[in-house]
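Colleague: I am new to reading protein models, and I would love some help with one part of this one. Could you take me through it slowly?

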Amino acid sequence: MGRGKLEIAKIENANSRQVTFSKRRAGLMKKAYELSVLCEAEIAVIVFSSTGKLFEYASSSMEQTLARFKSSLELQKSAVKHEKKDIQEVECLKQEIADLQLKNMQIMGKDLSGLGLKELQQLEQLLNEGLLSVKDKKEKLLMEQLDLSKKKEQNVIMENATLRRRIEKLQSFFPLNSLPVSGYLQHEVPRKLSPIRHASSSQDTECQTEAENGELMTTLFLGPPPDNSQRKRKSPEKDNGSPSGTSGSQIE
């Protein structure tokens with residue numbers, strides 16, 4: 001049969017209690033040693049008996065282990081303090097955010113039920129100051145845009161003046177009279193020959209035809225003079241009657 005379950009309670013018999021203490025202490029020290037060897041852990045065990053006798057075990061050094069324990073304990077305490085402080089700061093920030101949200105809603109004209117007369121007057125003054133600031137900023141931006149537009153206008157005027165001077169300079173190098181005739185022929189509209197009416201004398205008809213042909217030739221030959229081989233052609237005489245008839249009409 002296996003060992004029965006031992007009740008965890010104070011042993012009333014002093015001899016039995018002393019024997020149990022010795023056995024359990026030895027087992028505890030053995031387990032601490034095994035743990036330090038197997039897991040490469042730094043272990044320190046301190047035991048005081050009921051009579052006040054000290055028993056200890058340390059895997060490396062008791063003083064070094066106790067100093068390390070104290071520093072770790074201080075770090076834990078400081079971490080707990082910082083954690084509590086961070087929690088308090090978080091709560092304060094949450095409260096500030098809630099207050100700012102409420103104030104923002106009140107500025108927008110919402111949730112005004114909990115405000116008194118004095119608070120409403122302060123809110124009105126705050127809105128007026130904000131409105132004045134917005135107007136000042138708007139006027140400043142408009143003035144800046146106006147100055148920028150004026151500068152652009154001046155730049156455009158200067159560019160136009162520069163282009164005008166360039167055009168005048170080009171015109172001075174290329175006057176209108178020196179341009180080729182072909183550039184102006186498309187603008188010249190020759191006069192149409194008026195229909196020759198039946199006149200009383202053939203001389204008047206010939207003079208009129210020669211004058212019109214002369215004007216036409218003057219319009220078409222504005223360039224250098226033609227060669228001597230090219231001569232003006234005279235229009236043929238157009239008489240409705242014979243020479244004898246014409247002389248006869250003159251005699252009559």
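Colleague: I read that, among contacts between residues at least 6 apart in sequence, 28% join residues at least 24 apart. Please take a close look at strand E1 (residues 44-48) for me. Which residues of the largest nonpolar core are found there and elsewhere, and which elements give two or more residues to that core?

Modeller: Happy to! Please keep in mind that this is a predicted model. Let us begin with the whole chain and then move in. The protein has six helices and two strands, and from the N terminus the order reads α-β-β-α-α-α-α-α. Of its 252 residues, 8% count as buried. The protein exposes about 23,100 Å², and carbon and sulfur atoms supply 57% of that area.

Now to the core you asked about. The largest nonpolar core is made of seven residues: Met-29, Ala-32, Ile-43, Val-45, Val-47, Phe-55 and Tyr-57. Helix H1 (14-39), E1 and strand E2 (54-58) are the elements that give two or more residues to this core.

Phe-55 is a good residue to click on next. Leaving aside residues up to four places away in sequence, Phe-55 touches Phe-21, Arg-25, Met-29, Val-45, Ile-46, Val-47 and Ser-49. Among these partners, Met-29, Val-45 and Val-47 are also members of the core.

What about Ile-46, another partner of Phe-55? Ile-46 lies in strand E1, yet Ile-46 counts as partly exposed, because its relative accessibility is 43% and buried means under 20%. On the surface, Ile-46 joins Phe-48, Leu-54 and Leu-66 in a nonpolar patch, and together these four have about 380 Å² of accessible area.

Finally, look at the loop that comes before E1, between H1 and E1, where you will find Glu-42. The side chain of Glu-42 meets that of Arg-68 in a salt bridge, at 2.4 Å from N to O, and the structure holds one salt bridge. Arg-68 lies in helix H2 (residues 62-107), so the pair ties together parts that are 26 residues apart in sequence. Arg-68 is exposed, with a relative accessible area of 52%, while Glu-42 counts as partly exposed at 31%.

To put the picture together: E1 gives residues to the core, Ile-46 in E1 belongs to a surface patch, and the loop between H1 and E1 holds Glu-42, the salt-bridge partner of Arg-68.

Key:
Residues are numbered from 1 along each chain as its sequence is written. This is a predicted model: local features need pLDDT of at least 70, side-chain atom pairs count only at pLDDT 80 or more; totals for chains, interfaces and linings use all residues. Side-chain values use heavy atoms; hydrogens and water are left out. Patches are made of residues with over 30% relative accessible area and no salt bridge: like charges are joined within 9 Å, nonpolar side chains (Val, Leu, Ile, Met, Phe, Trp, Tyr) within 5 Å. Accessible areas come from the Shrake-Rupley method with a 1.4 Å probe; for residues, only the protein chains shown count as cover. Helices (H or I, at least four residues) and strands (E, at least two) are DSSP runs, numbered from the N terminus. Buried means under 20% relative accessible area, exposed over 50%, partly exposed in between (1.4 Å probe, protein chains only). A nonpolar core is a set of buried Ala, Val, Leu, Ile, Met, Phe, Trp, Tyr and Cys residues joined through side-chain atoms within 4.5 Å. Contact means heavy atoms within 4.5 Å.
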